[in-house]
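Hi everyone, thanks for making time for this. Please have the sequence and the 3D view open while I talk, and stop me whenever you like.

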Amino acid sequence: THLPPMRLEGIVCPHCNSGHVGIHSRVERRYKCHSCGKTFSETSGTPLYGLKTPLWIVALVLALLSHGCPLQAIVFAFGIDERTVKAWQTKAGQHARRVQEHLVCSGRLDLGQVQADEMYVRAQGCRLWMATAMSVFARLLVWGAVAVQRDEHLLARVIGMVRRAARPGQAILFAVDGFKSYVRIILKTFRHPVYTGKRGRPRLVVDKDVHIVQVIKRQVAGRARKLIAVERRLVHGCVQVAEQIMLATQTQLGVINTAYIERLQATLRGWLPMAFRRTRCPARSADRVEDALFWTGVVYNLCAVHRMLDATPAMAADLTDHVWTIDELLRFTPRRI
């Protein structure tokens, strides 16, 4: 199999975290750090390090997993042990979490309108909750988290990373459902200290550029769960600013809604069969579902071209200038901070 050329862009020494590196051996595919003088493998710090299987097969298997290919089909087609495939997915998910934190949650995103929602996952012997948040204009998945309880701790993990992703000083409109904890967590997270020169802890004040709209759906109890009414209300911020952000971020003009995050959740349901459908390999723990979520989410952000954007969500958010390949994603080494 023809191997891709060795690149120097984005390569970081795993020993000293320096980016001043050169090619040491093209045959052994090793780099040399000009700062500490040590050599390291091309796959150091990536999910591909130390694997005995040809790397193109690993990349192909992980690409299939990211789009919901059944695990048993992969085992049958490639003759790889089921436990090996699971280990690859776990490593890829942990790597994807680091890539997401490095690229997305670095304080340089113009988020505009952010929609957040949570949904339950049928795990083996229990029910898990998955919370996600996205930037509407770029269709970008900002962060996700999985937990046993649907509580403020779960939402705080997601909203906290949204705060880290947002560029300081920008106006943000949150569109959420009727879960009361959202309002408390958002107002608690988006605060800044006011220093007066007096002794003691400074008072924390909610950022003036944060606006929150709740979309509450009234349904008839029962199996059908028929929708009878939708209530939209501004619970924090300014109505005029909220409408301006909505008009600037939604490609389909209309009223505030949570349709965009619901569409993303529908995509995740199709791409994560282990989390939402009964399979031979059901979700057994929150950590495993979260690893699968991050691997699928990062592939969605960087590698999948969105039909309405004619680009990937990461390109629409100005995080990259091209469509990433699975191999490029796996070989990317985020610089340690």
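I'll go through a helix, the nonpolar cores, some salt bridges and a bit of the surface. One thing to keep in mind throughout is that this is a predicted model.

Let's begin with helix 6, which runs over residues 239-249. Which of its residues are buried? They are Ala 242, Ile 245, Met 246 and Thr 249. These four cover an arc of only 100° around the axis, so they sit on the same side of helix 6. If you are new to helices, here is the background: an α-helix has 3.6 residues a turn, so residues three or four places apart point the same way. Now turn the helix around, and on the other side you will find Gln 244 and Ala 248, which are exposed. And what covers the buried residues? The cover includes strand 4 (113-123), strand 7 (172-176), strand 10 (210-219) and strand 11 (227-236).

Next, the inside of the protein. In soluble globular proteins, nonpolar side chains tend to be buried together. Here, the largest nonpolar core has 65 residues. Phe 174, Trp 295, Leu 302 and Leu 329 have the most contacts inside that core. Helix 4, residues 152-165, gives the core its largest share, seven residues. Apart from this core lies another one, of 13 residues, and Val 121, Ala 123, Leu 128 and Val 146 are among them.

Let me zoom in on Leu 329. Which residues does Leu 329 contact, leaving aside neighbours within four places in sequence? The partners are His 95, Val 99, Trp 295, Val 298, Val 299, Leu 302, Cys 303 and Trp 324. Two of those names, Trp 295 and Leu 302, you have just heard in the list for the core.

Now to charges. The structure holds 14 salt bridges, and I've picked three to show you. In one of them, the side chains of Glu 42 and Arg 29 meet at 2.6 Å, N to O. Glu 42 is in the loop between strand 3 (39-41) and helix 1 (55-66), while Arg 29 is in the loop between strand 1 (21-25) and strand 2 (30-33), so this pair ties together parts that are 13 residues apart in sequence. Are these two residues buried or exposed? Both Glu 42 and Arg 29 are buried.

The next pair is Arg 83 and Asp 81, whose closest N and O atoms are 3.0 Å apart. Arg 83 counts as exposed because its relative accessibility is 64%, and Asp 81, at 34%, counts as partly exposed.

My last pair is Arg 233 with Glu 231, at 3.5 Å, N to O. Both are partly exposed: Arg 233 has a relative accessible area of 36%, and Glu 231 has 29%. There is also a network, where salt bridges that share partners join Arg 29, Glu 42, Asp 327 and Arg 331.

Finally, the surface. Trp 56, Leu 60 and Leu 64 make a nonpolar patch of about 270 Å². Trp 56 belongs to helix 1, and with a relative accessible area of 46% Trp 56 is partly exposed.

One more stop is Arg 203, in strand 9, residues 203-206. Arg 203 is exposed, at 59% relative accessibility. Not counting residues up to four places away in sequence, Arg 203 touches His 192, Pro 193 and Val 194.

That's my tour, and I'm happy to take questions.

Conventions. Residues are numbered from 1 along each chain as its sequence is written. This is a predicted model: local features need pLDDT of at least 70, side-chain atom pairs count only at pLDDT 80 or more; totals for chains, interfaces and linings use all residues. Side-chain values use heavy atoms; hydrogens and water are left out. Buried means under 20% relative accessible area, exposed over 50%, partly exposed in between (1.4 Å probe, protein chains only). Helices (H or I, at least four residues) and strands (E, at least two) are DSSP runs, numbered from the N terminus. The arc is that of the directions from the helix axis to the C-beta atoms. Contact means heavy atoms within 4.5 Å. A nonpolar core is a set of buried Ala, Val, Leu, Ile, Met, Phe, Trp, Tyr and Cys residues joined through side-chain atoms within 4.5 Å. A salt bridge is a side-chain nitrogen of Lys or Arg within 4 Å of a carboxyl oxygen of Asp or Glu. Patches are made of residues with over 30% relative accessible area and no salt bridge: like charges are joined within 9 Å, nonpolar side chains (Val, Leu, Ile, Met, Phe, Trp, Tyr) within 5 Å. Accessible areas come from the Shrake-Rupley method with a 1.4 Å probe; for residues, only the protein chains shown count as cover.
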